[in-house]
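Work through these exercises with the sequence and the 3D view open. Try each task before you read its solution.

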Number of protein chains: 2
Amino acid sequence: MVFSSSLLENAVNEFAKLPGIGKKTALRLVLHLIKQDNEDVSHFTEAIQKMKEQIRFCSRCNNISDTTLCNICSNPSRKQDIICVVENVRDVIAIESTQQYNGLYHVLGGIISPLDGIGPDQLSIEPLIKRIPEESTSEVIFALSPTIQGDTTIYYIQKKLSSYPLRITTIARGIAFGGELEYADEMTLARSISNRQPVDNYMSNNK
Amino acid sequence: MVFSSSLLENAVNEFAKLPGIGKKTALRLVLHLIKQDNEDVSHFTEAIQKMKEQIRFCSRCNNISDTTLCNICSNPSRKQDIICVVENVRDVIAIESTQQYNGLYHVLGGIISPLDGIGPDQLSIEPLIKRIPEESTSEVIFALSPTIQGDTTIYYIQKKLSSYPLRITTIARGIAFGGELEYADEMTLARSISNRQPVDNYMSNNK
């Protein structure tokens with residue numbers, strides 16, 4: 001692209017550094033901002049700048065937070081003895097959006113993936129282990145991706161937790177609601193048959 | 001989406017105001033920025049803020065510019081007597097990127113489209129008409145979208161220009177390079193047959 005304005009060019013190049021944003025999309029976004037009120041553009045840049053400067057990671061659960069302790073950890077109405085272990089912040093947002101979970105979280109910051117050079121030491125696993133006796137945790141729920149890496153991570157952490165009197169669970173895996181059997185992969189279909197549930201149970205969950 | 005951080009939520013909401021950016025994409029972009037250095041994020045927000053504050057429209061051709069007169073209009077090595085009429089800044093960038101055009105531009109800021117409430121008065125047509133005698137223009141090239149609105153706009157402006165001794169042209173329309181005949185729409189194919197060119201001419205253009 002050949003620009004006749006370096007102000008425009010700089011802004012487009014900055015947008016194009018974002019993942020999944022090409023030069024053409026970047027140009028479209030910048031031209032959109034040019035048409036907006038100065039105030040709206042200031043809101044945009046200030047929200048990002050402020051977020052970047054002030055955001056931190058919760059000292060307890062490693063979730064993204066405005067304060068030292070995130071507002072999930074500091075909420076006394078949440079069950080303090082259940083920890084849901086997730087890979088990243090996106091997963092916390094996804095689970096919170098279901099409004100079905102009322103315990104605490106622990107954000108690992110990734111999953112064990114030797115091929116990508118990510119071992120247990122790069123993840124927030126030690127802090128998780130420490131929390132168990134400190135918080136008298138009674139259940140740890142793994143909500144990790146149903147992949148080999150996810151399973152490896154569960155296996156690794158489960159071993160470390162074996163000395164504590166804990167219930168260790170994982171979220172149910174199976175055919176997605178509304179999904180069609182014929183399009184499910186064999187692994188998922190095989191697992192969902194071996195993990196079949198009594199119909200009574202299923203119906204009462206749907207009530 | 002349920003956020004546990006209002007700093008994160010604000011930044012995501014601001015990104016999601018951009019056209020074509022949904023909440024999930026916005027979250028992905030914001031989480032990317034969180035992982036970047038403070039300095040990189042400052043470059044991003046400053047480039048946008050500076051662009052928004054300082055950018056203007058060229059007083060002659062209405063192109064986006066860093067200065068009163070854009071650097072195409074103020075470049076003495078460009079042909080001063082040819083004006084290429086385009087709809088918007090994106091089209092200037094597209095044509096400049098071909099490096100095949102060495103004249104000036106005039107950015108209309110849209111095309112005549114009564115259904116969208118855009119008439120000639122909302123466009124930079126009067127300033128274009130004024131330029132013709134002032135700049136002793138010898139040729140006006142229309143590079144507008146090959147749509148009914150584009151053709152209407154050409155027709156309207158052409159009428160206004162009829163009193164000047166001008167060559168008025170439009171960019172060639174036809175089958176795109178690499179395009180297959182069978183997938184071309186009837187209108188394009190019909191026009192490209194009626195506007196057929198001598199093969200000699202075509203071959204010499206390809207040299």
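**Exercise 1: Two helices across the chains**

The axes of helix α3 (residues 38-54) of chain A and helix α3 (residues 38-54) of chain B come within 10 Å and cross at roughly 175°. Describe how α3(A) and α3(B) are oriented to each other.

*Solution.* Start with the conventions. This is a predicted model, in which local features need pLDDT of at least 70, side-chain atom pairs count only at pLDDT 80 or more, and totals for chains, interfaces and linings use all residues. Residues are numbered from 1 along each chain as its sequence is written, chains are lettered from A and ligands numbered from 1 in the order in which they are written, and side-chain values use heavy atoms, without hydrogens and water.

Step 1. Helices are DSSP runs of H or I with at least four residues, and strands are runs of E with at least two, numbered from the N terminus. Axes are lines fitted to C-alpha atoms, for helices over the stretch in contact, and angles run from 0 to 180 degrees between N-to-C directions.

Step 2. Angles over 145 degrees count as roughly antiparallel. Therefore α3(A) and α3(B) are roughly antiparallel to each other.

Step 3. Look at the contact (heavy atoms within 4.5 Å). Among its residues are V41(A), F44(A) and I48(A) of α3(A), and V41(B), F44(B) and I48(B) of α3(B).

**Exercise 2: The whole interface**

How many residues of chain A are in contact with chain B?

*Solution.* Step 1. Count both sides: 55 residues of chain A touch 55 residues of chain B.

Step 2. Take the buried area (accessible area, 1.4 Å probe, that two parts lose on being put together, summed over both). Between chain A and chain B it is about 5,000 Å², and carbon and sulfur atoms give 69% of that.

Step 3. S4(A), L7(A) and K52(A) supply 15% of the area that chain A buries against chain B, more than any other three residues.

**Exercise 3: A salt bridge**

Which parts of chain A does the pair D151(A) and R191(A) tie together?

*Solution.* Step 1. A salt bridge needs a side-chain nitrogen of Lys or Arg within 4 Å of a carboxyl oxygen of Asp or Glu. D151(A) and R191(A) form one, with their closest N and O atoms 3.1 Å apart.

Step 2. D151(A) lies in helix α6 (residues 148-160) and R191(A) in helix α7, so the pair ties together parts that are 40 residues apart in sequence.

Step 3. Check accessibility (buried under 20% relative accessible area, exposed over 50%, partly exposed in between; 1.4 Å probe, protein chains only). D151(A), at 28%, is partly exposed. R191(A), at 30%, is partly exposed.

Note on methods. Parallel < 35°, antiparallel > 145°, perpendicular 65-115°, else oblique.
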